[in-house]
Amino acid sequence: MEAEKISAPIAQLDRAPVYGTGCCWFDPSWAHSFTVTPVLSEAKGWAHQPRLITFPMTVKKQVKFMQEALKEAKGALQEDEVPIGAVVVYKNKVIGRAHNQVERLKDPTAHAEMLAITSAANALNTKWLNGASLYVTIEPCSMCAGALVLARIKTLIYGADDPKAGGCGSVMNIINNKKLNHRIKVQKGVLEKECGDLLTHFFKAKRQKNKRLR
């Protein structure tokens, strides 16, 4: 089944990317995933055999922590900020959480991921977050992707793709650049529609408001 297409701008009102396109469809009931692995057979030559992959964390827990990130995103919405939220999880506990505060702080770097990383580092009293996972509602931009690498985040889980500014595979792939000394495991598509819908509704309201003011 294809992911539902959701059109909305992310950083400028004149943008109209489709959130989540190119992302696998996600069903919360899944706990396993099949991949196809080529196998050499003496009788038939190269054949393909399904290989069962068990995710290191159950889907139920992934949904739970993404819901926490969504709570942060909804908090941003109430403050008229771009509704993106993030949480850092270590040993199955949230140790850092934040949402976008660019407008409030008048700081272009005050993205949810950046603030959540700072919060988590303070909680652990360390500069590196080895073994921690970051959940964020939208694919991180290049700035945030670089910060994830510097923080030594182990796993990134995000909701919807950002085809205009994503730094984790959509536009560039900073978190898995072989020239860097740290690479991050990625899973995308968790609560994809809910994450994308928040941005869709936010920017739709902004455009309608700007129309009325003209």
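In β8, L156 is the bridge partner of L134. The chain passes from β7 to β8 by way of helix α4 (residues 142-150), in a β-α-β crossover that is right-handed. The model described here is a predicted one. Strand β8 spans residues 155-160; five bridges connect β7 with β8, and the two strands run parallel. On the β5 side, L134 of β7 is the bridge partner of V88. Strand β5 covers residues 85-90, and four bridges hold β5 and β7 in an antiparallel arrangement. Strands of a sheet pair through backbone hydrogen bonds, in either a parallel or an antiparallel manner.

These pairings belong to an open sheet of five strands, ordered β6-β5-β7-β8-β9, with mixed pairing. The edges are occupied by β6 (93-99) and β9 (185-188); each has a single partner strand, so one side of each lacks a neighbour in the sheet. On average, and with direction ignored, neighbouring strands of this sheet are turned by 15° against each other. Between β5 and β6 there are six bridges, and these strands run antiparallel. In this pair, H99 of β6 stands opposite G85. Helix α5 (residues 192-213) packs on the sheet and touches β7 and β8, its direction making about 60° with that of β8.

Strand β7 is mostly covered, with six of its six residues buried. S133 is located in this strand, which comprises residues 133-138. The relative accessibility of S133 is 12%, and S133 therefore counts as buried, the cut-off being under 20%. Apart from neighbours within four places in sequence, S133 makes contact with V87, V88, V89, I153, T155 and I157. Of the strands named above, β5 contains residues 85-90 and β8 contains residues 155-160. In a regular strand, side chains alternate between the two faces of the sheet.

A second position of interest is A86, which is found in strand β5. A86 has 0% relative accessibility and so counts as buried. With residues up to four places away in sequence left out, A86 touches A69, E72, G96, R97, A98, A112, E113, A116, Y135 and V136. One of these residues, R97, is 11 residues from A86 along the chain, and the C-alpha atoms of the two are separated by 5.7 Å.

Among the residues touched by A86 are A112, E113 and A116, which are also among the buried residues of helix α3. This helix, residues 112-124, has 13 residues and reaches 18 Å from its first C-alpha to its last, close to the 18 Å expected at 1.5 Å a residue. The buried residues of α3 are A112, E113, A116, I117, A120 and A121. They cover an arc of only 155° around the axis and are therefore on the same side of α3. An α-helix has 3.6 residues a turn, so residues three or four places apart point the same way. The packing partners of the buried residues of α3 are β5, β6, β7 and α4. After α3 comes N125, with a positive phi near 55°.

Positive phi values also occur in two loops. K91 is not a glycine, yet its phi is positive, at about 55°. K91 lies in the loop between β5 and β6. Its relative accessibility is 65%, so K91 counts as exposed. L191, likewise a residue other than glycine, has a positive phi near 50°. L191 lies in the loop between β9 and α5. At 9% relative accessibility, L191 counts as buried.

Over the whole protein chain there are five helices and nine strands. From the N terminus on, these elements follow the order β-β-β-β-α-β-β-α-α-β-α-β-β-α. The protein chain has 214 residues, of which 43% count as buried. Among contacts in the protein chain with a separation of 6 or more, 56% are between residues 24 or more positions apart.

Note on methods:
Residues numbered from 1 in each chain as written. Predicted model: local features only at pLDDT ≥ 70, side-chain atom pairs only at ≥ 80, totals over all residues. Heavy atoms only, no water. Buried < 20%, exposed > 50% of the residue type's maximum accessible area, 1.4 Å probe, protein only. Contact = heavy atoms within 4.5 Å. Pairing = 2+ DSSP bridges. Right-handed = clockwise from strand over helix to strand, strands pointing away. Axes fitted to C-alpha atoms, helices over the stretch in contact; angles between N-to-C directions. Expected span 1.5 Å × (residues − 1). Arc of directions from axis to C-beta.
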